[in-house]
Structures are given as C-alpha cells and as structure tokens.
Amino acid sequence: MDNLIGRRLDGRYLIQSLVGVGGMANVYRGVDEKTGNAIAVKVLKEEFLDNEELVRRFKNESKAISILDHPNIVKVYDVSVTDKLQYIVMEYVDGITLKEYLKQRGGALTWKETVHFATQVLGALQHAHSKGIIHRDVKPQNIMLLADGSIKMMDFGIARFSRAQSQTVSDKAIGSVHYISPEQAKGDKTDARTDIYSVGVMLYEMLSGRLPFDGDGAVSIAIMQISDKAKPLAQVAPNVPEGLRQITEKAMEKDPAKRYQSAQEMLQAIEEFKRNPSVRFEYEYRNMQDNPEKSINRVVSNAKAGAKGGTIRTGDARRAGTSNPGRSKSSKKGRKDKKPLSILPVFFGMAVAFVIGAAILVYLIFTNSSNLLFSNRADVTIINFVGMTLDEYRASEYNTLLKLQEAEEYNSTYPAGTIIRQNPKAGRTVKEGQKITLTVSLGTQYVTIPETKNMVAEDAEQTLKDLGLNVLQKPMQDNTVANGAVIYTSPAAGETVEGDSTVILYVSRAVISNTNYVPSVTGKTLDDAKNDLKVLNFSVRTIEQASSEPAGTVLSQTPAAGTEARVSSIITLVVSTGVPETPAETPAPSDGTIQESWWWSSDGSHEIHQFPDGSMVNENGVPCDAQGNPI
C-alpha cells in the first residue's frame, strides 16, 4: 500500500487516494481539512530526491505555477520543498484530459470546438508568457477538460523562466516528441514561440483527427519535426475553413521567425476568424530593397470582396488601390458568360466616367481636399499597438503623428486598458495626421445569471444570449415543471460569471413510455388493424387461415387486446383467406379403409390430426380437442 495514503501533510492536507502516476511524480487526491476543499497533491517520487536535475525541474515547476493566476491554469495553493518530501498542493480538477476526449470522439473535432479550446489554451499561455514563463510541454495530455467545456492547463514541470534563465544548445530536448518544436528537438534556444508551435500541432490534430508526424520511435519523430513538412490540412481536413488552416500552418512554421511571435498575436488572428469564418490570411515573405528583414503582407478576403471577384489587401498601403486580376477567377468566368455588348453604349459609358472623374479631380485640386492628393506630409509606418496600454500609446511619438480615435469593448483575453484591435493594421504606411482607431479592452465583463425557472427554453436561451453568454440545453425529466420549460441553470441564478461563459439550461421533457396497451383489432380488416397498431408503434406479422369470414378479416390476435406490450414488439394477426375450412381428406384406399384427416387450429398454432374413430391428436401426438388444446 502507498505509504502516503491516509497521511496528513503539514497538519492539514489529508491524502486519500492515488489518481495519477507520472515519470517523476505521483498525483494524489486529498482534502484540505482547514477549508474542506478537494485538492490534488503532486509529490516528487522518493527515488528522485537525490537526482539534482529532477529536483531542479520540480522546484522550477513549483516556482513557475505559484506565480500564475489564470482561470485556464490549475491553481496552486501551497508548495513544500524540503529534503525529505517535495510536493505541490493544487486545485483538484474533476474532468478528463483533452487527449482522452479526442480518443472518445474517435476522430476530428469540429472547427468550432477546436477554436473554443485553442482560445483558452492561448489565453493561458499569454498569461504565462507575460510572467516570463515558457511551458515547453504543451500537449493534450497536459490539458484537463471540465464538464462545462472549460480547460485547465497543468504540468509546468519543464517550464523555463525566459527572462531569468537563458537556455543554450547544451540543454536536452525535453517534452513530448509528437508536440515539440524543431528547436526543442535540436536542443536549440527556446522561447514563447516554442509553445506556439506545440499549439499548432494540437490544432492540426484536433482538426484532422491525426498527428502531423508519427513514427516507430521518438528519434524518428524528432527528425520529422526538424526536417519534414506536415501533409497540408487542405488534403487531410478539406472541410476546415481556409482561414483556420492558415492559422494552424503558420503556427507550425519550422522557422520561429515565421510563426506568430506571441500567443497574443495568434489569439488576434483567431478572434478575427471567429468574427468572419470566411476570412483568408496570406502570409507573404519578401526581401525589402532598403530593409533586409522580412515583412509580412496580410491579405484578408471577405464576403463582400469575394462577391466582386477580388481581394482586399491590407498591410501595404502603396499597393492598396491596385487591381489584381490574377486572383479574380470568378470575374473572368463572369465575363465569358456575358453576351457581347453594343459598342456605342460602351463608349458612352467611358465618356461619362471620364467627365465625372475629371470633374472630381478639378474639385479636389481647387479645394482644401487637394492636400489629400498633393500632401507633403511625412509618411508614418504603423506598428503593432495590440497588447500596449492606451497610456503607453499616448506616451509614444505616434500620439503626435496620428489622430487618435478610441473605441471600447469587453474582452476576457486582454486586461482592461489594453489595446486589442487597431485600424489601420500594423505594417501600413499612412500620411502624418491620419486617423487611427484603437479599440481598448474594458476587461472581463461579469454577468449575473438571471432567474429563468419555468420560462420556455427558447425564451430563456435568448435572454442569456442577449447578456453575452453561451447556452447549452440539456433535457431532464421533472414532473413539477411544464414540458419544454426551464428547471434550473448551471451556474445557478444569481451567480456572477464571465461574460462569455457557458450556461447549461436543464429543460423539462415529458416522460416517454416504452410500453403501450394492445388495442382490439379482431374483426377489423387487415389494413385498418395495421394502421391501429402502427400508430402505437407496434410491428405486425400475419398468418393466413381458411375461414368463412370475408378475405382480409382479422380472426384473432396475439397478444390479446388489453395486454401491455413493449413498443416495437410484434403483434401476430390471423387473417381470413375467405375460403371455408374443410378437413383435408385423402382418397379412400381400394380396400375401403378410411384414412386420418388433419387441419390447423383457428389461431394457426396447432396442427390437428383426426382418426377414423373420431379421436384427435396435435402435432406432438398429444390427445386434443378441435383447436389442438391437450385434453
């Protein structure tokens, strides 16, 4: 028996059971007797107490997660690091790992589920990275999934403090080989972008139902991570929206410089995809003549631009107004389908357009608007302000170069006062004095769950959605609440939650009986009898029998009328053929002896044989009456 079970640590943490065994530590479930809360206690295995490297890693995890405070990261309540026993006391998470969930689903998740989980993971990583902590072992096995759909990241056992501890090539590649970045596999320096790569691998797995790299051994998989390119998502998951495929593939770039440079940047791309699932990102790398560094042009194709057969290009103001016929296949096709136009209307239209254009040009030249065309104001290249505070922006030189317009909205990912969106985008070149709109986070919006008991489920759902909440309906049997009405919610009415939380509506559903009483159909026509029985979800089997009753008349039924039978069970109907029943006879033999005769009972269940002396037996040779009943 485990010598820790039943033991009380530090006089308050009672160890109850072993719930997990890891490579260097065991995880126990227990209770904090001071608060009564369920807890998880991670204890370094005794045989590793003399291993300086593992002790260092365990202490590093203790130090890492103890400074983190995020709803998607497992909370730490206490840390004890002594020579005899080293343990971490954490919140107990009742759920399954994301890896187990993927196995239960047996294939790919929907893109909405994938985005739901990825958003939470990136939010947790952004918080950790802001504290200087790199996880370095991001994988579905280290992510717990709760019943309400939220996740908790755990196991920062190989985390690094990016600011305090530099990592060199001499460090060993640590982490799960299926999810490690190429630089981890090579033992190179790692930073926040290492976690971004692992998130990309997880996205690939969730969207396609398969790992991008798999093989016979860890070494071969590590080599694939370094040198091989994953099979494109467009081939293995063609139903995934293109924008989400591009986000995944950018996160999985081999070169860290080509990935998203932060969890925040990747979150921004996902948020844009959530606002418009038809968005399309194109990341183009080109060498600038006056700048050897690579720049990124971002192409966003939305529904409006697509309808015109073109694209909206942002990120390069000098080419923003140019056409791009090579990308407009639909426009070419449309031109082929059109009938030839008369030449005169075409020339007339061109003339009108020329006159209008000339008039506008003259107006602009001889009005104040001419400054827009012939401005000698300096060019300003927009940088990325997302993640800055508004005060930091105001303290920068851009506050004097550009005209600021503020917007606000609630956002649980970014702290209050942080810029979450900007227009124009980073990379654009504009004239000095141009307006820039910065959208600033108001922080997390908290909502009090309203009372919805006895409300019609659809009305209750709309009420909650109007408050910015996500809603999931679950049926429940309750005789005290009308069918289709809300019984209660989880979280309960009156509780305060974050604005984008999921609320479960438990909705009353009528008890559905799985039995019915068999109606009387004897004497009815076969068609009427079938209709009566099928309405009650019974199946019908028929047996034909000679009878003086009209053909198609039901002579008898089994089970009998009034019997309670399971839905979908078979009701046997004996149906008249319309031919009178006469005992079958065989020709008398030449010596005049009378042979036996036989027939079926009226319900078709017995074969009766009658002998010359009038005695009868059934098919089993047992004396019986005319219906085959033993006597």
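The exercises below, each with a worked solution, concern a predicted model of a single protein chain.

**Exercise 1.** Describe the chain as a whole through its secondary structure, its buried residues and its accessible surface.

Solution. Begin with the secondary structure, which comes to 17 helices and 32 strands. Turn next to burial, where buried residues account for 39% of the 631 residues in the chain. The accessible surface then comes to about 34,700 Å², and 52% of that area belongs to carbon and sulfur atoms. Finally, consider the contacts between residues at least 6 apart in sequence, of which 59% join residues at least 24 apart.

**Exercise 2.** Determine how helix 3 and helix 9 are oriented towards each other, and state which residues meet.

Solution. Locate the two elements, helix 3 at residues 111-130 and helix 9 at residues 263-275. Their axes lie 9 Å apart and the packing angle is about 155 degrees. Since angles over 145 degrees count as roughly antiparallel, the two helices are therefore roughly antiparallel to each other. The crossing, in addition, is left-handed. Among the residues that meet, helix 3 provides Trp111, Val115 and Leu122, including also His129, while helix 9 provides, among others, Ala263, Leu267 and Phe273.

**Exercise 3.** Which residues does Glu113 contact, leaving aside its neighbours within four places in sequence?

Solution. Place Glu113 in helix 3, and then identify the residues in contact with Glu113 under that restriction, namely Tyr101 and Arg105. Examining the side chains, one finds a polar contact of 2.5 Å between Glu113 and Tyr101, and a further polar contact, of 2.6 Å, between the side chains of Glu113 and Arg105.

Methods. Residues numbered from 1 in each chain as written. Predicted model: local features only at pLDDT ≥ 70, side-chain atom pairs only at ≥ 80, totals over all residues. Heavy atoms only, no water. Helix = DSSP H or I, 4+ residues; strand = E, 2+ residues; numbered from the N terminus. Polar contact = N/O pair within 3.5 Å; in protein donor to acceptor, adjacent residues only side chain to side chain. Contact = heavy atoms within 4.5 Å. Buried < 20%, exposed > 50% of the residue type's maximum accessible area, 1.4 Å probe, protein only. Areas by Shrake-Rupley, 256 points an atom, 1.4 Å probe, with all protein chains shown as cover. Axes fitted to C-alpha atoms, helices over the stretch in contact; angles between N-to-C directions. Parallel < 35°, antiparallel > 145°, perpendicular 65-115°, else oblique. Left-handed = near helix turned anticlockwise from the far one by under 90°.
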